[in-house]
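Thanks for sharing this one. Here are a few friendly notes on its aromatic rings, to read with the structure open.

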Amino acid sequence: MSKLVIVESPAKAKNIKGYLGRGYEVVASMGHVRDLPAERLSVDIENNFSPKYEVIKGKEDFVQKLKKKASDAEYVYLATDPDREGEAISWHLATLLDLDLSDKNRVTFNEITKRGVTRGMEAPRSIDIDLVDAQQARRILDRLIGYKLSPFISHKIRRGLSAGRVQSVALRLIVDREEEIRAFVPQEYWSIDAKFSNPPSKKIFSAAIYSKNKKKLKITSKEQSDAILADLENAEYIVDSVKKGTRKKSPTPPFITSTLQQEASRRLSFQARRTMKAAQELYEGVDVADMGTVGLITYMRTDSLRISEDARAAGNEYILKTYGEKYLPKTPRYFKSRGNAQDGHEAIRPSMPNVTPEMVKGSLTSDQYKIYKLIWERFIASLMENCLQETIKVEIAAGDYIFTASGYTVKFDGFTALYEELKDEASDDSAAPLPEIAQGDKLKLKSILGNQHFTQPPARYTEASLTKALEENGVGRPSTYVTITSTILSREYIKREGKQFVPTELGEAVTNLLKDKIPNIVDVSYTSKMETDLDKIDEGNEDYINMIRLYYNEFEEPLEQAKKEMQGVKIKLKEEETDEICEKCGRKMVVKVGRFGKFLACPGYPECKNTKPLVFKTKAKCPECGGEVIEKKTKKGTSFYGCSNYPNCNFMTWDMPSDEVCPKCGKSLFRRKGNVLYCPDKEGCGFTKSATKKKKSNEE
């Protein structure tokens, strides 16, 4: 008889089996095996909010086979992911397999390495029911709110809409920001910028006007700027003061889920889903030359900044060997996690700090390498000595006016020798070093200009800045950030413009309805308090049934009131007009949304009831009949391309049509994998060429 170990993913199962060897069978549950069925509420509100779990459709046979394996096994270990969700999956598995919940059969692996797996197996424990209850409370509340709220907004705005406990708050942040941008009134201001040299040095440096008669200047018009420039026409520029100092710049902490997503967005232009996919693969294990299959990073869903002393020692050893003793702080640096962080596992770090990105580059995909390099460098840099900068601030007198210039030079590079976090906005740290300069020096003016500026509205949210805002406001958790943005994008509540999120008319209508009628659901501070209260369940300090009852009652009352107040009321959205002409009455057709998606309809309804499918035309022509090639969608939403003359013409392809034509036969070229343009002519034209992809406004 062998011991059965149940994990979540096949990749992890294969790698853990390799470490455990003979005597163990490792199988993957493929995530959850039991959940609340989607077709009904599945929560008994009258019976202490009792959930009605069922085996997920399509997994019935798997569960039966798993039961057989469990009954035949010497012992069953539940080794799902080391977080709330993983704990709940283990609990569901234990319930289905009739395992004793008091048995010490729960094991967790913070890293999928020989050491990590061995340590996990050496420390089995009972399932943490507090963690399970915390997950259940969230799951049940999400179901209650989504199941009750979605029909309400669908009835009042448009069929098929959804709302949720966290997604609605994220949407509100985006909508509120857009309203701030619309309401913003730019204010004019001017700067007076000069360039100087300090002979005999030929180096030119910049300075800006700061004050007049020791009062800070605020220049609001060209007339005011021109008057100051006239005052300065024959001025002498003499260094009035030179202040020198030293400042320390400390490294940023190792990554947690949110900061990894933010930095990958800034530095690599990765969307969060792409980042987490690569991180998941690195955690579960990859085949590395001369090392075998190994997990290269620790668990990637975490909000804890803790790192193990073993990892610290290994990182310190690498720093000493590679950079020398002066790059290692005399006192170890410890980072403090946020108050609501789950400290059950570590920050995201390399599982083997001595394995550099270059050592494994040949074994990784491009995305895996980029994410590993980011995680590895950030972790090693977090252990390194501060960067020391010598700062200088100069005041330059010109009659009654004072100009200022500042800069710095690096005295000791410290951690910046390896890694420095990118910022969303430029900072003063970019100031250039100044030439040798002393009080009393007479400077030579090279140029002086008045420059007009306008105050700028707040920036729209990007995926990175939205994640940061949610984290700072205590909304959502590491496992939910990707889902939040993908949900409101798929619901067409927001759209991407480049990297920025812009609310649609539909998204604004949903938010404004909820703000007006059920404000708690979209209130940031209220949702943050709810998250904090739900966290108390983890610690065993709150009863999860009482918590659900409290928040459900606070939600249900305003919802029922809103239903009464809005009886017979329907919020009308502006319809999107197209250039398609209704062949029956001549009006321009509009886009409508029905049970099966978008379609074209005549705005003259009910007099004219003409409708037709909504198709997206490309610039390509059908290689078989010359008709237009249009984009179509499968039931799962995947794009393919076909002839507009279907069913008379059956041309169809998964390859994207291009704007180019074949130089040999004149037919439209299509793009296939490998970024190759080819001619689909069946007569054997055979033309192909490599294509230069057009840069998209947002990543694929």
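1. A good place to begin is Phe196, which is buried because its relative accessibility is 0%. Please keep in mind that this is a predicted model.

2. Stepping back to the whole structure, there are 16 aromatic pairs. In one of them, Phe196 and Tyr237 have ring centres 5.1 Å apart and planes at 55°, so this pair is tilted. That angle falls between the 30 degrees under which planes count as stacked and the 60 degrees over which they count as edge-to-face.

3. This pair links distant parts of the chain, with Phe196 in strand S8 (residues 188-197) and Tyr237 in strand S11 (residues 237-249), 41 residues apart. Tyr237 is buried too, since its relative accessibility is 3%.

4. Have a look at the surroundings of these two as well: ring pairs join Phe196, Phe205, Tyr237 and Phe403 into a cluster.

5. Next come Tyr526 and Tyr551, whose ring centres lie 5.7 Å apart with the planes at 75°, so the pair is edge-to-face. Because Tyr526 belongs to helix H16 (residues 524-538) and Tyr551 to helix H17 (residues 544-565), the pair ties together parts 25 residues apart in sequence. Tyr526 has a relative accessible area of 13% and is buried; Tyr551, at 2% relative accessibility, also counts as buried.

6. Finally, two arginines deserve a glance. Arg247 lies over the face of Tyr408, 5.3 Å from the ring centre. Arg312 lies over the face of Tyr334, at 4.0 Å from the ring centre.

Terms used
Residues numbered from 1 in each chain as written. Predicted model: local features only at pLDDT ≥ 70, side-chain atom pairs only at ≥ 80, totals over all residues. Heavy atoms only, no water. Phe/Tyr/Trp six-rings, centres within 6.5 Å; stacked < 30°, edge-to-face > 60°. Helix = DSSP H or I, 4+ residues; strand = E, 2+ residues; numbered from the N terminus. Buried < 20%, exposed > 50% of the residue type's maximum accessible area, 1.4 Å probe, protein only. Lys NZ or Arg CZ within 6 Å of the ring centre and 35° of its normal.
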